[in-house]
Amino acid sequence: MPDVYFIILVFSISLLVAALVHQPVLTFAKKKHFYDNPEERKLQRVPIPVMGGFVVFMGAMAGSLCYWFKHDCHSIVPVQIAMLLMLIIGAWDDIKKLSPLLRFVFEILIVIALAVGNNYPVNDLHGLWGVHEISPLIAWPLTVFGCIGIINAINMIDGIDGLSSGICIMAFGFYGILFFYSHDFVRAALAASIIGGLIPFFIMNVFGNRSKMFIGDAGTMMLGIALCDMVMAMLTKDSLCGQQTDPTNFCLIAYALAVLAIPVFDTVRVMFGRISRGESPFYPDKTHLHHAFIDYGFHHLETSLMEIILNMMIIGVWWVFYKSHFSEQWQLYGVIVASIGVCYGLYWMLGRRKRIAQKVKDMYGISMDEYEALTDEERKKLKKN
């Protein structure tokens, strides 16, 4: 059977298993009272079961394990173990609320273990700025820093229905396409199996009522480490992606960054904002881009789709630079500028209405909706008074 058909089969098995285990996992979560409770910084109004990560994991593992019948899949054993460890630690955090420092330590240890298990860190820039293989003294800190950033970026966008799962479906889709094109069929199958596990959860998370679950820290940390594995597989020395793509034109770093642009750059913006206010960068608040969309009046699904579309537009910027034969450096610069423009510029534009509304309330003692409903004459009288 050709690889493309077997990958489709893997995806189908993963999707079917995830759909079948969803209700039993939901029942178990309710029975054990594993809920995400409403808080000031959260957008839900009622407690929601929080074991969606287990649904995705079981679906993904069922699909990826089936690929052993086609290929020797020993290369993905380390990431499968890392995903399981992240799932357990994330579930512990969901239930017992770990301190940010302890969770941070666990993340570092698992990232290092994954890189050691794979026998590669991010150690090749593939010609960016004329640099290829880099020293281990640089490669290991770069790997740990980048992977921790990815894990927390995925975790921190998990604030509304469908956003983290939707972004991850898109990300694994684009990474899977690159791996398939590069003849790394094992990781292409892993990406397909994770997408298959995510789709039933996404549908239930967005459209479900009694079947609704949150993916939780268990799910986002598990997905984050899987994305880290794929980025490491792209950017290691002698990677299949590096061998199969044009080394003089295709910037793997720009591509990898573009696929995760919204989570990464929005998290960077939020963390810098917290630090500038004298707060911990891990202190939870409501300053993410998705909060700005919600404050502006968008619904959860609309916000999630908007951010996914914006991320795909940034990938489109990279594609235009690539097809226009811009150098690797300029492909990266284009992605960075587009990402900053979206995450910083759009957040400022969406927040402008909120700032004006606060000004109206301070000056006139009424809401923005009430002010907009006034006639011109009424507004003039209000200003005079």
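Q: Which residues line the largest cavity?
A: The model is a predicted one. The count comes to one cavity of 30 Å³ or more, and the largest cavity has a volume of about 30 Å³. Its lining consists of Pro 100, Arg 103, Phe 104, Glu 107, Asn 152 and Phe 282.

Q: Which helix gives the most to the lining of the largest cavity?
A: By class, three nonpolar, one polar and two charged residues make up this lining. Four residues of the lining come from one helix, spanning residues 100-118. That helix is α4.

Q: From which helix does the largest share of the largest nonpolar core come?
A: The largest nonpolar core has 110 residues, and Phe 172, Tyr 175 and Ile 225 have the most contacts inside it. One helix, residues 216-235, supplies 14 residues of this core. The helix is α8.

Q: Are the rings of Phe 28 and Phe 34 stacked or edge-to-face?
A: Phe 28 has a relative accessible area of 39% and Phe 34 one of 21%, so both count as partly exposed. Their ring centres are 6.1 Å apart, with 65° between the planes. Planes over 60 degrees apart set the class, so the pair is edge-to-face.

Q: What class of pair do the rings of Phe 250 and Tyr 255 form?
A: Phe 250 and Tyr 255 are both buried, and they belong to one aromatic cluster with Tyr 175, Trp 318, Trp 319 and Tyr 322. The ring centres of Phe 250 and Tyr 255 lie 5.8 Å apart. Because their planes are at 45°, the pair is tilted.

How values were computed. Residues are numbered from 1 along each chain as its sequence is written. This is a predicted model: local features need pLDDT of at least 70, side-chain atom pairs count only at pLDDT 80 or more; totals for chains, interfaces and linings use all residues. Side-chain values use heavy atoms; hydrogens and water are left out. On a 1 Å grid over the protein atoms alone, a cavity is a set of points where a 1.4 Å probe fits but cannot get out, and a pocket is an open set with protein on both sides within 12 Å along at least five of seven lines; lining residues have an atom within 4 Å of a point. Grid points are joined across faces, edges and corners, and a volume is the space filled by probe spheres set on the points. Helices (H or I, at least four residues) and strands (E, at least two) are DSSP runs, numbered from the N terminus. Ala, Val, Leu, Ile, Met, Phe, Trp, Tyr, Cys and Pro count as nonpolar, Asp, Glu, Lys and Arg as charged, and the others, Gly among them, as polar. A nonpolar core is a set of buried Ala, Val, Leu, Ile, Met, Phe, Trp, Tyr and Cys residues joined through side-chain atoms within 4.5 Å. Buried means under 20% relative accessible area, exposed over 50%, partly exposed in between (1.4 Å probe, protein chains only). Rings of Phe, Tyr and Trp (its six-membered ring) pair if their centres lie within 6.5 Å; planes under 30 degrees apart count as stacked, over 60 as edge-to-face and the rest as tilted.
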